[in-house]
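Visitor: I'm new here and would like to learn how to read a structure like this one. Could you walk me through it?

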Amino acid sequence: MSAYAMPEMYFNIDHGYLEGLVRGFKGGILKQADYLNLVQCESLDDLKLHLQSTDYGNFLANEPSPLTVSVIDDKLKEKLVIEFQHLRNHCLEPLATFLDYITYSYMIDNIILLITGTLHQRPINELIPKCHPLGSFEQMEAIHIAATPAELYNAVLVDTPLAPYFIDCISEQDLDEMNIEIIRNTLYKAYLEDFYSFCSELGGATAEVMCDALAFEADRRAFIITINSFGTELTKDDRAKLYPRCGKLNPYGLTQLGRADDYDQVRAVADIYGEYKELFEGSGTNPGDKTLEDRFFDREVQLMKNSFMQQFQMGTFYSYVKLKEQENRNIVWIAECVAQRHRAKIDSYIPIF
Amino acid sequence: MGSMFRSEEMTLCQLFLQSEASYACVSELGELGLVQFRDLNPDVNAFQRKFVNEVRRCDEMERKLRFLEKEIKKDGIPMLDTGDNPDAPAPREMIDLEATFEKLENEMKEVNANSEALKRNFLELTELKHILRKTQTFFDEAELHHSQALHDPALTEENLGLLGEEAQRTGQALRLGFVAGVILRERIPAFERMLWRVCRGNVFLRQAEIDNPLEDPVTGDQVDKSVFIIFFQGEQLKSRVKKICEGFRATLYPCPETPAERREMAIGVMTRIEDLNTVLSQTQDHRHRVLVAAARNIKVWFIKVRKIKAIYHTLNMFNLDVTQKCLIAECWCPVGDLDRIQQALRRGTERSGSSVPSILNRMMTKQVPPTYNRTNKFTQAFQNIVDAYGVASYREVNPALYTIISFPFLFAVMFGDTGHGIIMFLFALALVLKEKQIQAKKIDNEIFEIFFSGRYVILLMGAFSLYTGLLYNDFYSKSVNIFGSAWYPIDPQTNNTYTLKTLNGSENLVLDVGTSYVSGPYPFGLDPVWSMSKNKITVTNSIKMKLSVILGVSQMFFGVGLSFINSRYFNKAINIYCEFIPQVIFLFCMFGYLIILIFVKWTTFTYKDTGNAPNLLIGLINMVLFSYDENAQPSVRPFYAGQKGFQIFLVLLALACVPWMWFAKPFLLRHWHRYGQFKHQQLSVQSGDLVNHAQEINQQGDSGMMAAGELTDIEEEFNFEEIFVHQSIHTIEYCLGCISHTASYLRLWALSLAHAQLSEVLWKMVLHIGLAMDHGILGAFFIVPLFAFWAVLTVVVLVVMEGLSAFLHALRLHWVEFQSKFYAGEGYKFQPFSFENMMEYAIED
């Protein structure tokens, strides 16, 4: 029982090696200096040349020129997946479950992507390569047989770990764009809350770090859902059901958000919370301003970086995946700007270190 | 030219290379491998440098070669490694190479695409063949079932299968549709489950495994697959089933409904498979031919491309002259090799056909040059032992020279056993004699690599262990009576030899030195008689302990002596007067004196008064404590008259050395700094040896200005506190170190004791049992497994494990006890631009 009372004490017995590994991986995350070099690139080949001198090594060495952004993107993802799979293959409980939890969010995204794609009559073979490899599961490719959420659940999702999250979405309505969006958010809500309770049960530093991170994620979703819902058919009651209830906004802020009718009211809710007030204040839609989304990413990166300050906890694994994902977004953004010769916005990547 | 005593004298040079000649020159320098280029544009990004396009083309060529190599490996074609080393091709040849590779790659890709298509076709046909075969059995079974159901009235309706039941009522294959296909075997369970769920149990699935694995046309892997056939009713179910099949990547094949059609189709499939096989084998042959041709050259191509790439990488480090006509490079090179470098440059210029010669100018610099120790295959391992601790500062005394002998020797002191030494020696000898073959084999085992690279160290370690083993008279823990023992069993009471009866009858017999010691000392090493005596350990301990102290203190003295050579060389007189002299006095007063006492004790006491000989250890402790008791026991009595006074003098002298070491240097330095005296002498220390100033040419840019003998003025920030703290640490470390290091050398004795005891235990507990067995002929049989056990343990535990432990201790004695006396180890290694090194560590940029 003492292991539960003080998980830090016994952490290294089971997970010490992997934590060391992930901290090593973290050392390979691109620094500001690397980004400064990257944005000077004239072509994607330049980009490749510079990435060769970083921890990425020759991950593009076997790709024939000319490179495309999608090849870079695939390779970046592949690298992350290889690292993640390595961690996953070598871990013990409860880290194994923890890492599985990380993949669930990718599974949700994949499901939504596939359903949306099928809805627009796209062949499934075209959609599969677009799915994130971290979130792939066996029944994924057969997803297009489902026409209603109930079918989706009974035929496909019932065997996946996402099944319990889906209970709330089962209805005989057809799958349309609105419904899909609701499914996505309901799934996410259930997932976040479940992950949150799993982490709090783990206790110790893991709970400290992860609850913070997940609370932020939950609040971000609540804000984004609210803002995106303006001008759609979504009723306020339905909207309120989509808010994940494990964030700092819960319960008062969420009630307030549930009543909001426009952006300013959302902003008024954020003003009550110091950390979100800052984010809203710094954002804008004018050229040169950072968008709210970017501000949230900024804040996320900050949180994830801080989680490395604590040892003997699993938050580092979550943070590593999130930071790496941000890095991939950055590289792809820069590559995209370079490829399209659109340098004006090349600087709006989000530096990590 | 090259000496191991110090690292090579280095100089910074500036190279002016004509643009058109630069490639050839750098290529020549790469073959020579004596020049370390400095990056003159550290701030420029990798992709903004001048020759980035050439580097990129090389990358591309390498990629193609890797692709070819992969294909060659896939087909298991041996790659010819002739070991020859082609020169870097001229830049214009690069285009030819590129074209060749391009052609090969395209050809390969085409062949691959063809064979993939063919293979896919082949796979489909094979799968269809299996489907036809397996479904036939399904249908046959159904048929059988059907007829059974009709003809066997005992079968009730519950016992009928779905198909049978269906068929009975509606007539077979009238309303039932079916699809047949092939699916990966591991996906079957999920597939089945989903079918059940989606169709709510309204389908019937039969599956059968395909016995031999099929080849995946894309990856070339062997995969296990299964044939399945699904029966269902109605169009809606059909579309669903098809979707699920698609989702699980099952391939569906048309399967005719009637047996006759199926048979016909099967025959058609078989003939097509036959045809395809011939085409496939032709494609394979073609592919094989192409690859064999490529395999013959691929190693050489790799070397060529890597050389080109290395040259352009190096050129990227150069500066462009204002006129764009020549490249300027800076490099470190050994002074002794300047001529060879000049020649290489001349060759390069000639090869490129340029009329303007390349110019090599020596430069003055304040920077510390790299450390370059010339080594050969023998000295390399020893140099590595030293470098692992720290690369020597520029031109300081290189301890590797002494390590060559002292390291194996100290190892052998701990490992002394002739038998084990022979094993080790022969092992290393085999590695040394076969080194060419082994090198050619390129064994990739890390552990073997370690042993192989240290083969000369092991050889010497084995040889020295042989020697010390003879000294200790240990041969697998047994003593060997080579020269005849000097002792004879004579009874001290009667002065007659012991009779055989007495010898056999009593456990303890004392050999008196006065009577039993009949001839002179045993000529070499330990008298074998000791191996039988009960006090053997006491005697060997005493000898080995004293020997350890003598060896240790001598080595420390030698180390301190080397620090004198360093100070002389760097013209640091202050270090001699304020560090070296007090250090020697300190060491001598405490431990030099002890060694003298050891020798005195050995020589002055005969067997008659050994019981009264003073104890050295207690004597040493009392000496430091100033405790001289007049009425003490004999063990603490003085050796000689006036010992008290002399010892007190020694201790006081040693104590006086401490403040001398501690304060003299920092205060003297501060004094000089304040009053400006000797300032110049201080500074010339820094560059005292750099080069003969008169020859020095200081060339800035291309101005060609001669500035002879201009001293590099290094005005170091004078920081008294720092110097003082540093000196304090140094002094404390030295004084405490002398004591602890001397104690540390006792490990020589301790490990030697442990090794001897362990091998003796092994002998007694294992092999001795067999030898002492009293069962006549049976003992002979027993001895075989016992010997095997003993031999394995001897090699694994005594030679390998004990050897490793003794190696580590010898390493520590060199790094800590010996080198701390003089070795700074603050230099950095000379890493010349060399094709040879580059090939060894397949380059990564």
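Guide: Sure, and we'll start with a definition: helices are DSSP runs of H or I that hold at least four residues, numbered from the N terminus. One thing to keep in mind throughout is that this is a predicted model.

Visitor: Let's begin with the backbone. Where is Pro251(A) found?

Guide: Pro251(A) lies in a loop of chain A, between α12 (236-242) and α13 (252-259).

Visitor: And what is the peptide bond from Asn250(A) to Pro251(A), cis or trans?

Guide: The general idea is that most peptide bonds are trans. This one, from Asn250(A) to Pro251(A), is cis, and its omega is near -5°. There is also a cis bond joining Glu93(A) and Pro94(A), where omega is about -5°. For that one, look at the loop between α5 and α6 (95-119) of chain A, which holds Pro94(A).

Visitor: What about phi of Gln121(A), positive or negative?

Guide: Generally, most residues other than glycine have a negative phi. Gln121(A) goes the other way: it isn't a glycine, yet its phi is positive, near 65°. You'll find Gln121(A) in the loop that runs between α6 and α7 (124-127) of chain A.

Visitor: On to helices. At what angle do α11 and α14 of chain A pack?

Guide: In general, you describe two packed helices by the angle between their axes and the distance between those axes. Here, helix α11 (residues 204-229) and helix α14 (residues 263-272) of chain A pack at about 165°, and their axes are 10 Å apart. That angle makes α11(A) roughly antiparallel to α14(A), since angles over 145 degrees count that way. Their crossing is right-handed. On the α11(A) side, the contact is made by Phe223(A), Thr226(A) and Ile227(A), while α14(A) brings in Tyr263(A), Val266(A) and Ala270(A). Sorted by class, this contact has five nonpolar residues, one polar and no charged ones.

Visitor: Which residues of α2(A) and α5(A) meet?

Guide: First, the geometry: helix α2 (residues 7-27) and helix α5 (residues 69-90) of chain A cross at roughly 170°, with axes that come within 10 Å. So α2(A) and α5(A) are roughly antiparallel to each other. Where they touch, Tyr17(A), Leu18(A), Leu21(A), Val22(A) and Phe25(A) of α2(A) meet Glu83(A), His86(A), Leu87(A) and His90(A) of α5(A). The tally by class is six nonpolar, two polar and one charged.

Visitor: Does chain B offer something to practise on?

Guide: Try helix α2 (residues 52-74) and helix α7 (residues 259-315) of chain B, whose axes come within 9 Å and cross at roughly 150°. That makes α2(B) roughly antiparallel to α7(B). The crossing of this pair is left-handed. Their contact has 15 nonpolar residues, one polar and ten charged.

Visitor: How many salt bridges are there over all chains?

Guide: The idea is that side chains of opposite charge can pair when their charged atoms come close. Over all chains the count is 51. One to look up is Arg220(A) with Glu217(A), whose closest N and O atoms are 3.0 Å apart. Those two are three residues apart in helix α11 of chain A, so about one helical turn separates them.

Visitor: And how many residues of each chain are in contact where chain B meets chain A?

Guide: On the chain B side, 25 residues are in contact with 28 residues of chain A. The area buried between the two chains is about 2,400 Å², and carbon and sulfur atoms give 48% of it. Three salt bridges are counted between these chains. Arg56(B) and Asp46(A) meet in a salt bridge through their side chains, at 2.2 Å from N to O.

Definitions and conventions: Residues are numbered from 1 along each chain as its sequence is written. Chains are lettered from A and ligands numbered from 1 in the order in which they are written. This is a predicted model: local features need pLDDT of at least 70, side-chain atom pairs count only at pLDDT 80 or more; totals for chains, interfaces and linings use all residues. Side-chain values use heavy atoms; hydrogens and water are left out. Axes are lines fitted to C-alpha atoms, for helices over the stretch in contact, and angles run from 0 to 180 degrees between N-to-C directions. Angles under 35 degrees count as roughly parallel, over 145 as roughly antiparallel, 65 to 115 as roughly perpendicular and the rest as oblique. A crossing is left-handed if the near helix is turned anticlockwise from the far one by less than a right angle, and right-handed if clockwise. Contact means heavy atoms within 4.5 Å. Ala, Val, Leu, Ile, Met, Phe, Trp, Tyr, Cys and Pro count as nonpolar, Asp, Glu, Lys and Arg as charged, and the others, Gly among them, as polar. Buried area is the accessible area (1.4 Å probe) that two parts lose on being put together, summed over both. A salt bridge is a side-chain nitrogen of Lys or Arg within 4 Å of a carboxyl oxygen of Asp or Glu.
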